[in-house]
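Welcome, and please load the model in your viewer. We will walk through its open and enclosed spaces one stop at a time.

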Amino acid sequence: MNRTQPLASPRVVFASSQDDRFPPANMLDGNPRTFWSSTGLYPQDLIIELDPPATPAKFVVHTAKVKALSVAACPAGALDTATGGGELDPFDTLVAIDLPENNAATAIPLKLSRAVSHVRVTLSEGYSDYCAVFSAVLE
Amino acid sequence: MTTPAPSSRLCLRTKMVLLGDSGTGKSALAQVFHSEGASFPKVHMLNTTPELLVKTVAIPDTDASVELFVTDLPGLEPFLDVTKRHAHGASAFLLVFDSTNKDSFSGIGKWLKVAKTLRESEPLIGCLVATKCDLTKRRAVPAQQAQDVARSLDLEYFECSAATNFEVDSIFYYIANATYEAYEEHIKGLVGDSAS
């Protein structure tokens, strides 16, 4: 199956900080010049919802001033208390990477064995008090 | 650069640490600021653990506010390791000395060294603060001398009294404003980059 196309209609359902001028939706709008900015302190979390759940092969992020980040995913159905586990933290950490000071667009391969409904990016350390994400694309 | 939306609400967060010898009035300063003057600790309660007090300060003429995570750290030598560890992640610091105690003023060199080790990249926002300025008869460190030292260290200088709630707010407002300005610089840098 051709997985180089971005998945349909992802949306950001959680951001740990926000400046209304630079909202999280800027990461998904396809415009490389718009961005979301953190407003201080680390770690910062961003959660992207995939509806319907999917199995992206990679996560391409273009960030600024991020030193370390990790990606976690929530299996489809895990948040549904009726049928799922109802666990407190259904996210499984997939990968943690360090970035050089000059953040360039980075493709992070995701090894997913089943469909996920949410992907969480945790920006754990930065090169500055504030960091930004220009784009976050799941393919 | 796009004009911000009229009602842009922005809440910045910054961690600031209070450094200085034991007994200089760091906790009193933090508590008086946090309680808006309602609570002044009359008895010196020796700090052995870091205390976190959070307060939001609005930036005038903007829709922005800064949530200050004020970290009050122990000043005693045996707790220096604890202090250094808990100061990690701070973007601003207050170097506090007691205006009636010459030793606490000479001690700021040591605390400045601690502040400088907090991070290598961007410089931190820093202030030199003289406390207990209501005790004019017991004043031991002349204001001019402290001001000169502050200037040479590139720090903003403040004189205050936690007991009378004199000029306590100005210190924290300065930190909040400097934080806001640093954030706006960060944004300008990003918009500039993306436009190129």
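Our starting point is the second largest pocket, whose lining divides by class into 11 nonpolar, 10 polar and six charged residues. Bear in mind as you look around that this is a predicted model.

To find this spot, select B:Gly25, B:Lys26, B:Ser27, B:Ala28 and B:His44, which lie nearest the centre of the second largest pocket among its 27 lining residues. Now colour helix 1 of chain B, residues 26-34: the largest share of this lining, four residues, comes from that helix. The space in the second largest pocket is about 450 Å³.

Next, move to the largest pocket, with about 660 Å³ of space. Which elements give two or more residues to its lining? Show strand 8 of chain A and strand 1 (10-19) of chain B, and you have them. Then select A:Glu125, A:Gly126, B:His88, B:Gly89 and B:Arg119; of the 25 lining residues, these lie nearest the centre of the largest pocket. By class, its lining has six nonpolar, 10 polar and nine charged residues.

For the last stop, go inside to the largest cavity, which holds about 40 Å³ of space. The count of cavities of 30 Å³ or more is one. Display strand 4 (58-64), strand 8 (116-126) and strand 9 (132-138) of chain A, each of which supplies at least two residues of the cavity lining. Among the lining residues to pick out are A:Met27, A:Leu46, A:Val61, A:Thr63 and A:Val133. Here the classes come to eight nonpolar, one polar and no charged residues.

Terms used: Residues are numbered from 1 along each chain as its sequence is written. Chains are lettered from A and ligands numbered from 1 in the order in which they are written. This is a predicted model: local features need pLDDT of at least 70, side-chain atom pairs count only at pLDDT 80 or more; totals for chains, interfaces and linings use all residues. Side-chain values use heavy atoms; hydrogens and water are left out. On a 1 Å grid over the protein atoms alone, a cavity is a set of points where a 1.4 Å probe fits but cannot get out, and a pocket is an open set with protein on both sides within 12 Å along at least five of seven lines; lining residues have an atom within 4 Å of a point. Grid points are joined across faces, edges and corners, and a volume is the space filled by probe spheres set on the points. Ala, Val, Leu, Ile, Met, Phe, Trp, Tyr, Cys and Pro count as nonpolar, Asp, Glu, Lys and Arg as charged, and the others, Gly among them, as polar.
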